[in-house]
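Grab the model and work through these exercises at your own pace. Each one sets a task and then walks through a solution.

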Amino acid sequence: MHFEKTIKILTIVAVLAIATVPAFGQDLLARQAPVDRKASKVDTVALRNIIEREENSAVAQLYSEWSNKYAHRAMNVPDSFRIDLRGFTMPTSNRVVTSNFGRRWGRMHKGLDVKVFIGDTIRAAFDGIIRVVNYEAAGYGNYVVIRHKNGLETIYGHMSKHLVHENQTVKSGTPIGLGGNTGKSTGSHLHFETRLCGVALNPALLFDFRNQDVTADYFMFRRRDHVKDPNLSKRALGKMEEDEEPDNSQASADVHPARTNGNDAKYHKVAKGETLYSISRKLGVSVKELCKINKIGQNMRVRPGQLLKYS
């Protein structure tokens with residue numbers, strides 16, 4: 001009898017102990033949960049910062065400030081910089097370029113005009129962050145500026161509508177706006193600029209709209225090819241106001257975009273008064289071959305500032 005009573009007592013104690021452990025365990029978990037969440041948050045933020053620093057290393061090398069106030073501004077320009085063009089998306093599927101980079105109506109046209117229709121989707125060329133979303137009645141109209149992880153900044157002008165907001169992270173191919181005819185524009189088109197540290201680069205050196213492709217996996221920017229005065233110091237260039245910005249067109253020497261196959265393509269910048277035939281004689285390349293390479297007709301009139309590929 002005594003033995004049976006002892007067994008019952010032990011059984012009751014055991015049951016109470018088992019019932020108590022989960023409750024105690026739950027109390028511990030409840031007390032520990034906020035600490036774990038906080039630690040997890042710290043770890044996640046730290047990891048994200050490290051990843052972003054790694055991913056944005058090209059940007060960190062080039063830009064010392066972030067502003068939503070201006071479309072572009074001359075600043076310190078590196079002597080050379082390799083721009084990664086992989087992972088691109090063509091900003092529009094339209095293949096027709098209506099106006100090239102170069103002098104136009106007595107001033108520099110610092111982008112390409114591509115024919116689009118009102119409402120056509122305009123897309124981000126590369127991964128990046130939206131720096132500016134704005135409207136300029138006497139210029140770009142509705143425009144967007146994106147700073148990309150590869151160091152480039154791209155500008156998309158004359159759109160009918162914005163689809164993004166400032167400081168938004170976008171992927172290559174993200175819709176950023178709709179084609180339009182806003183601002184200083186005489187017909188619906190996309191004004192597309194590519195800039196490095198405020199210096200306008202001819203988008204045709206990077207993007208081939210006719211073939212809906214980039215010109216190479218990488219483009220090697222060399223300051224001497226894109227700044228009017230190659231002897232201008234970085235410090236002086238960084239202090240220049242926008243209205244004093246250098247010509248930014250390619251130097252008179254041939255431009256050599258970087259190619260992964262080791263065979264650099266060569267370009268000739270058309271000078272005032274030159275024709276296909278005079279350029280043919282100068283370069284030692286037949287007019288027929290020039291037209292074939294550039295997919296143009298033999299009777300086409302070339303314009304000053306136009307780039308012709310000849311190898």
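**Exercise 1.** Which residue stands opposite His189 in β13?

*Solution.* Lys115 is the residue that stands opposite His189. Before going on, the ground rules: this is a predicted model, with local features needing pLDDT of at least 70, side-chain atom pairs counting only at pLDDT 80 or more, and totals for chains, interfaces and linings using all residues. Residues are numbered from 1 along each chain as its sequence is written, and side-chain values use heavy atoms, leaving out hydrogens and water. Helices (H or I, at least four residues) and strands (E, at least two) are DSSP runs, numbered from the N terminus.

**Exercise 2.** Work out which strands are joined to β13, and how.

*Solution.* Step one: β5 (residues 112–115) runs antiparallel to β13, with four bridges joining them. Two strands pair if DSSP finds at least two bridges between them. Step two: β9 (residues 153–159) is also antiparallel to β13, through five bridges, and here Ile155 sits opposite Glu193. Step three: β14 (residues 199–201) is joined to β13 by three bridges, again antiparallel, with Ala200 opposite Arg195. Step four: look at the hairpin of β13 and β14, where two residues lie between the strands and Cys197 has a positive phi near 55°.

**Exercise 3.** Find out why β13 counts as largely enclosed.

*Solution.* Go through residues 189–196: eight of the eight are buried, so the rest of the structure largely encloses the strand. Buried means under 20% relative accessible area, exposed over 50%, and partly exposed in between (1.4 Å probe, protein chains only). Now split the strand by face: His189, His191, Glu193 and Arg195 are buried on one side, and Leu190, Phe192, Thr194 and Leu196 on the other.

**Exercise 4.** Sort the residues of α6 into buried and exposed.

*Solution.* In α6 (residues 287–294), the buried residues are Val287, Leu290, Cys291 and Asn294. They span an arc of only 95° around the axis, so they share the same side of α6; the arc is that of the directions from the helix axis to the C-beta atoms. Lys288 and Lys292, on the other side, are exposed. The cover over the buried residues includes α5 (276–283) and β19 (307–309). Just after the helix, Lys295 takes a positive phi of about 55°.

**Exercise 5.** Decide where to read with caution.

*Solution.* Start with pLDDT, the predictor's confidence in each residue, from 0 to 100. The protein chain has a mean of 77, and 69% of its residues reach 70 or more. Over residues 230–264, pLDDT stays under 50. Where pLDDT is low, the predicted coordinates should not be read in detail.

Definitions and conventions: Contact = heavy atoms within 4.5 Å.
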